[in-house]
Amino acid sequence: PGKSSRFLSQVIRPMYSVVFDEWYEDVRGIGQQRDRKTLKPALGNFLPPDVANYDDWNEFFCDPRRLVTGVVLAGGGSLFDLEPAERFDALATVDWPCSLQASRTKTHREVHSLWGVFSST
């Protein structure tokens with residue numbers, strides 16, 4: 001197996017697991033059926049304003065300044081403290097739960113309300 005297999009298993013899958021664990025508590029699938037995901041009980045009716053979501057993670061990865069300070073290695077330090085030639089191999093040692101936590105990635109609180117309907121013109 002080449003680098004893509006290693007990249008998927010050691011970088012993408014751990015990142016996905018952090019995203020999954022933020023929202024879901026269980027996933028079930030049988031054979032070719034589509035997976036059935038079970039949201040955490042607190043998220044069943046609405047998304048609390050301080051929970052990280054895909055928009056927050058997307059903004060995090062698109063902002064070079066935040067990315068440089070926010071991607072933390074498991075042993076401490078930043079991924080970007082390493083020489084550029086060492087960074088790809090070091091991706092497997094990133095502490096994704098720490099790097100993607102809401103306090104690091106969230107830039108604003110999301111509060112949804114019907115009052116927006118009345119304020120629009």
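Is Asp50 buried, exposed or partly exposed, and what is its relative accessible area? In this predicted model, Asp50 is partly exposed, because its relative accessible area of 45% falls between the limits of 20% and 50%. Asp50 sits in the loop that joins E2 to H2. Across the fold, its C-alpha atom is 9.7 Å from that of Thr107, although 57 residues separate the two in sequence.

A look at the overall architecture helps to place this loop. The protein is built from seven helices and two strands, arranged along the sequence in the pattern α-β-β-α-α-α-α-α-α. Of its 121 residues, 26% count as buried. Among contacts with a separation of 6 or more, 52% join residues 24 or more positions apart.

Confidence in the prediction deserves a word before the details. The mean pLDDT of the protein is 81, with 80% of residues at 70 or more. Among the elements, helix H4 (residues 84–90) has the highest mean pLDDT, 94, whereas helix H7 (residues 115–119) has the lowest, 69. Where pLDDT is low, the predicted coordinates should not be read in detail.

The loop that holds Asp50 also contains Ala52, which lies between strand E2 (36–39) and helix H2 (54–62). Ala52 counts as buried because its relative accessibility is 0%, under the 20% limit. Beyond its neighbours within four places in sequence, Ala52 is in contact with Glu22, Trp23, Trp57, Ala102, Thr105 and Lys106. One of these partners, Thr105, is 53 residues away along the chain, and its C-alpha atom lies 7.1 Å from that of Ala52.

A second loop, between helix H3 (64–70) and H4, carries Ser78. At 11% relative accessibility, Ser78 also falls under the 20% limit and therefore counts as buried. The side chain of Ser78 reaches the backbone oxygen of Val68 at 2.7 Å. Val68 also appears in the contact list of Ser78, together with Val71 and Leu73, once neighbours within four places in sequence are left aside.

Pro14 offers a view from within a helix, since this residue belongs to H1. Its relative accessibility is 28%, so Pro14 counts as partly exposed. Pro14 touches Leu8, Ser9 and Trp96, not counting residues up to four places away in sequence. The C-alpha atom of Pro14 is separated by 8.9 Å from that of Ala92, a residue 78 positions away along the chain.

Ala92 appears again in the description of the internal space. Rolling a probe the size of a water molecule over the atoms shows where empty space is left. A search of the whole structure finds one cavity of 30 Å³ or more, and the volume of the largest cavity is about 50 Å³. Its lining is formed by Arg6, Phe7, Gln10, Val11, Phe88, Leu91 and Ala92. Helix H1 (residues 3–23) supplies four of the lining residues, the largest share. By class, five residues of the lining are nonpolar, one is polar and one is charged.

Definitions and conventions
Residues are numbered from 1 along each chain as its sequence is written. Side-chain values use heavy atoms; hydrogens and water are left out. On a 1 Å grid over the protein atoms alone, a cavity is a set of points where a 1.4 Å probe fits but cannot get out, and a pocket is an open set with protein on both sides within 12 Å along at least five of seven lines; lining residues have an atom within 4 Å of a point. Grid points are joined across faces, edges and corners, and a volume is the space filled by probe spheres set on the points. Ala, Val, Leu, Ile, Met, Phe, Trp, Tyr, Cys and Pro count as nonpolar, Asp, Glu, Lys and Arg as charged, and the others, Gly among them, as polar. pLDDT is the predictor's confidence in each residue, from 0 to 100. Buried means under 20% relative accessible area, exposed over 50%, partly exposed in between (1.4 Å probe, protein chains only). Contact means heavy atoms within 4.5 Å. A polar contact is a pair of N or O atoms within 3.5 Å; within protein, one must be able to donate a hydrogen and the other to accept it, and residues adjacent in sequence count only if both atoms are side-chain atoms.
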